[in-house]
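The exercises below concern a single protein chain. Please examine the sequence and the structure before reading the solutions.

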Amino acid sequence: MSNKIKGCEILMRALIDQGVDKVFGYPGGQIMPVYDSLYDYSDKIQHYLARHEQGAIHAAEGYARACGKTGVVIATSGPGAMNLITGLNDALMDSTPIVAITGQVPSTLLGKDAFQESDVVSVTLPVTKWSIQVRTAEDIAPSIAKAFYIANSGRPGPVVLDISKDAQVGMAEYVNTPCNFIRSYDPDPEISDEIIKEAASLINSAERPMILSGHGVTISRAEKELTGLAEKAGIPVACTMLGLSSIPSSHPLNKGLLGMHGNLGPNINTNKADLIIAIGMRFDDRVTGDTKKYAPDAKIIHIDIDSSEFDKTVFSHLHIHGNAKTALEKILPLVVEAKHEDWVNSFSRHEKVENERVKRHELNPENEDGKMHMGEVVNKVSEAFGHNAILVTDVGQNQMFSVRYFKFTSPRSCISSGGLGTMGFGLPASIGAKIAVPERDVVLFAGDGGLQMTIEELGMIMEYNVGVKIVLLNNNFLGNVRQWQELFFNSRYSATPMVNPDFVALARAYGIAGEDVAHRDNLDDAIRRMKEHKGAYILNVNIEEMGMIFPMTPGGHGVDEILLNSTEYYKPV
């Protein structure tokens, strides 16, 4: 008796054996056998129908970022597969584990410009860890096992399986073939004791050490070890945007955000430090500014799972190639207890200036004309949720204000498009995050530009009753571009003013409750109603049109060359 089944059913069984119970996608002609098989497995795999393939993959990203599992997205051939490209690139830049399954025309039609045929593998190779075309049913199961191993090992990232239609309907036996080894691929390199001893020696002899905590801390689940090192050795911690929730915001050694719109203390003291311990971060240009002026007095220890990041942007004196959690576990016993009180306290002088010159204007503008600021809205929402919600942002001023003023208590609480800066990321990513961890509050901050790029995904909220809280910071502008136009292009606002729809009415058409907030006197009550509402809610907050996000290190400047406002650079005493 034959045990052969169709390739599409093999795919279902292989996904289940990988622990998959949720997938995002959009059906079409060349993936139809998979969706037909999915119908029979709906009790084991929940499919979430996006309204656009880009929305589907961003939702899968949000899912993966919130829970750490591999996100799965399914799309058809041709335009369906091509609509995944932005999300694949986004996932690659931000080290997000994704397995994308695309349909493909039958193998007999490949290369013949068949209807909805596209060369998916060639197009996706530059924006994935691995991309392969599967042409036989026998190859589906081992390819799935290999895909999941690659996607969520080492430095995580996206993988594409392009499965021809004849492979989907072909017959083969299902054999569960786990993959935990690939020749020439070493996702967990061994860290030598000599390197660890050298790192500990540098830390123990430093007078002004500083930790830069990146996304790799979260990916490797090294939050406890990060905090342990900081506390034992008395080392201040600064975070990249995607590393923000790796240490609680309230921790006395957490000195805030690095980078172009980061806090004064971390950016100024980057160029005062004599040792920088960079953990799971890649020295992005938005963090370093002009690399010729970056950390001139510091030796740099760079800990990263991806050796290609070493010396790519900034020269480091010591490379620790390996998992961040493992590296920190090995370093901790060798580090001596220290305080570095004067050094730690030096951050406070800059924080005081920032509070007086920037934050007071943003958070306490009672004496102004009633126009709300993005910062005060973010701060009030964070407080209302006890600083324990998952923050999801779109891209632009809303993103920068959100990561500056939202506070974090728990890990995996900051989800944003970092490396690629993808407008439209926020809404579908927040849906995926809420599906991943339904017990946690998920708050999306978006601008009126980015929200409209994937606004159709309100349909996913409606269909699956996803309780995301949406705070729309609406200024009728593409705010971040407008800020650069004002500062560097003589206020020539080319294609940045926006004529917007009635967002609350649009949301209502999708069965989503919400309200407009036009004055700060109504803001607190509106936030309370949003928080208490069972289910999704949108607050359309009409903030000041010409608001600016400061501090700001302009492009091409040193990390310590910081604008406090449109004309004044910070001159620390």
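**Exercise 1.** Is A495 buried or exposed?

*Solution.* A495 is exposed, with a relative accessible area of 70%; buried means under 20%, exposed over 50% and partly exposed in between, with a 1.4 Å probe and protein chains only. A495 lies in the loop between α21 (479–488) and α22 (503–509). Its phi is near 65°, a positive value in a residue other than glycine.

The model is predicted: local features need pLDDT of at least 70, side-chain atom pairs count only at pLDDT 80 or more, and totals for chains, interfaces and linings use all residues. Residues are numbered from 1 along each chain as its sequence is written, and side-chain values use heavy atoms, with hydrogens and water left out.

**Exercise 2.** Describe the surroundings of D162.

*Solution.* Begin with the position: D162 is found in strand β7 (residues 158–164), strands being DSSP runs of E with at least two residues and helices runs of H or I with at least four, numbered from the N terminus. Next, D162 is buried and has no salt bridge, that is, no side-chain nitrogen of Lys or Arg within 4 Å of a carboxyl oxygen of Asp or Glu. The nearest side chain of opposite charge, R135, is 7.7 Å away; Lys and Arg count as positive, Asp and Glu as negative, and His and the chain ends are not counted.

**Exercise 3.** Which residues does a cis peptide bond join?

*Solution.* The bond joins F550 and P551, with omega about 0°. P551 is found in the segment after β20 (537–542).
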